[in-house]
Amino acid sequence: MSPTPPADIVLKLSCTDRIGIVHAVSGFLADHGCNITSSQQFDDPESGRFFMRVQARNGGAAELAALRAGFESIAGSFGMDWTMVDAAVPMRVMVLVSKFDHCLNDMLYRIRSGALRIDIAVIVSNHPDLEPIARAAGIPFEHVPVTPETKPAAERRLLELVDEHGAELVVLARYMQVLSDGLCRSLAGRAINIHHSFLPGFKGAKPYHQAFERGVKLVGATAHYVTGDLDEGPIIEQEVFRVDHTYDARALTLAGRDAERAALFRAVKWHSENKVLLNGHRTVVFP
């Protein structure tokens with residue numbers, strides 16, 4: 001039995017800018033019975049790169065594999081980095097957590113409410129504390145302890161779990177472990193982390209207490225792709241709240257957690273909708 005053709009497809013691409021890219025893409029889709037319903041593009045004069053995201057209604061009922069195979073020659077002629085997916089299929093995600101639950105709970109709520117269309121395939125933690133949350137949501141939970149001695153084996157297990165569950169994206173939802181350079185390279189462009197935006201000014205276990213002592217006026221968070229440079233990967237989204245002298249360390253912590261939830265939600269949503277493209281150390285995020 002043949003697979004059901006996708007009703008809508010999303011094509012995302014980047015390549016060196018030159019004449020004819022849009023014509024080639026739109027012509028290919030038209031020739032295969034696909035009607036473009038949304039198209040966004042960006043020409044970066046600094047890098048000389050062209051970025052494009054197209055969503056199209058598959059009126060010709062062409063199977064996704066056939067569309068991908070047909071697009072190969074065009075992609076090759078322009079030297080494109082590209083993906084083509086079925087817009088109706090939620091992205092499979094592996095979530096890494098430690099003991100903080102606010103980002104995980106927020107993601108689960110947004111999935112239930114329909115605001116976030118992803119499929120959390122497994123929740124993995126270096127502590128057992130959040131297993132009840134995973135169990136209540138009906139999501140497999142894996143406890144992978146990490147010590148300095150077991151870290152290489154633990155990271156090998158993380159990659160095994162990515163493969164076992166077919167995870168297309170790894171989300172570090174306040175996972176309090178530094179990933180090795182090797183693991184970062186293995187997950188390049190498909191792992192998102194969230195951190196408070198006080199870095200690098202307020203490092204350590206209690207950044208909000210340090211911020212309180214310094215009398216900060218803004219609380220923020222940054223969602224970015226994971227790289228070997230700690231908390232310095234390409235930024236996808238940031239959130240900021242204004243605070244004042246009445247905020248103590250606890251109030252700053254709560255405001256910071258709100259910022260973390262909001263920034264991580266939007267970053268995961270946009271990535272899962274294939275709206276984010278890497279542009280060197282920066283990102284292009286289509287609305």
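This section describes strand pairing, backbone geometry, salt bridges and one annotated position in a predicted model.

Strand β1, which spans residues 8–16, is mostly covered, with eight of its nine residues buried. The strand has two antiparallel partners in the lines of pairing considered here, β3 and β4. With β3, formed by residues 49–58, β1 shares nine bridges; within this pairing, D8 of β1 is matched with R57. With β4, formed by residues 81–86, β1 shares six bridges, and here L11 has M84 as its bridge partner.

Backbone geometry was examined next. Most residues other than glycine have a negative phi. A positive value occurs at R174, where phi is near 65°. R174 belongs to the loop that connects β8 (169–172) with α6 (181–186). The relative accessible area of R174 is 12%, and because this value falls under 20%, the residue is classed as buried. A positive phi is also found at N274, near 55° in this case. N274 is placed in the loop between α8 (249–272) and β12 (276–279). With a relative accessible area of 10%, N274 is likewise buried. R174 and N274 thus each join a positive phi to a loop position and a buried state.

Across the whole structure, 15 salt bridges were found. One of them links the side chains of R110 and D106, with an N to O distance of 2.7 Å. Both residues belong to helix α3 (residues 102–113); because they are four residues apart, about one helical turn separates them. D106 has a relative accessible area of 13% and is therefore counted as buried.

A salt bridge within a helix is also formed by R157 and E160, whose closest N and O atoms lie 3.2 Å apart. These two residues are three positions apart in helix α5 (residues 151–164), a spacing of about one turn. R157, at 23% relative accessibility, is partly exposed, and E160, at 41%, is placed in the partly exposed class as well. The contact between R157 and E160 is accompanied by a wider arrangement: E142, R157, E160 and E164 are linked in a network of salt bridges.

A further salt bridge involves K275 and E273, with the closest N and O atoms 3.2 Å apart. The two residues fall into separate accessibility classes: K275, at 17%, is buried, whereas E273, at 25%, is partly exposed. The cut-off of 20% accounts for this assignment, because the value for K275 lies under it and the value for E273 does not. N274, described above for its positive phi, is itself buried.

One position carries an annotation from a record. In an unreviewed UniProt entry, the feature "active site" is placed at D231. In the model, D231 is located in the loop between β10 (218–225) and β11 (235–242). The relative accessible area of D231 is 23%, and the residue is therefore partly exposed.

Definitions and conventions. Residues are numbered from 1 along each chain as its sequence is written. This is a predicted model: local features need pLDDT of at least 70, side-chain atom pairs count only at pLDDT 80 or more; totals for chains, interfaces and linings use all residues. Side-chain values use heavy atoms; hydrogens and water are left out. Buried means under 20% relative accessible area, exposed over 50%, partly exposed in between (1.4 Å probe, protein chains only). Two strands pair if DSSP finds at least two bridges between them. A salt bridge is a side-chain nitrogen of Lys or Arg within 4 Å of a carboxyl oxygen of Asp or Glu. UniProt positions are given in the numbering used here, feature names are shortened, and annotations may be inferred rather than shown by experiment.
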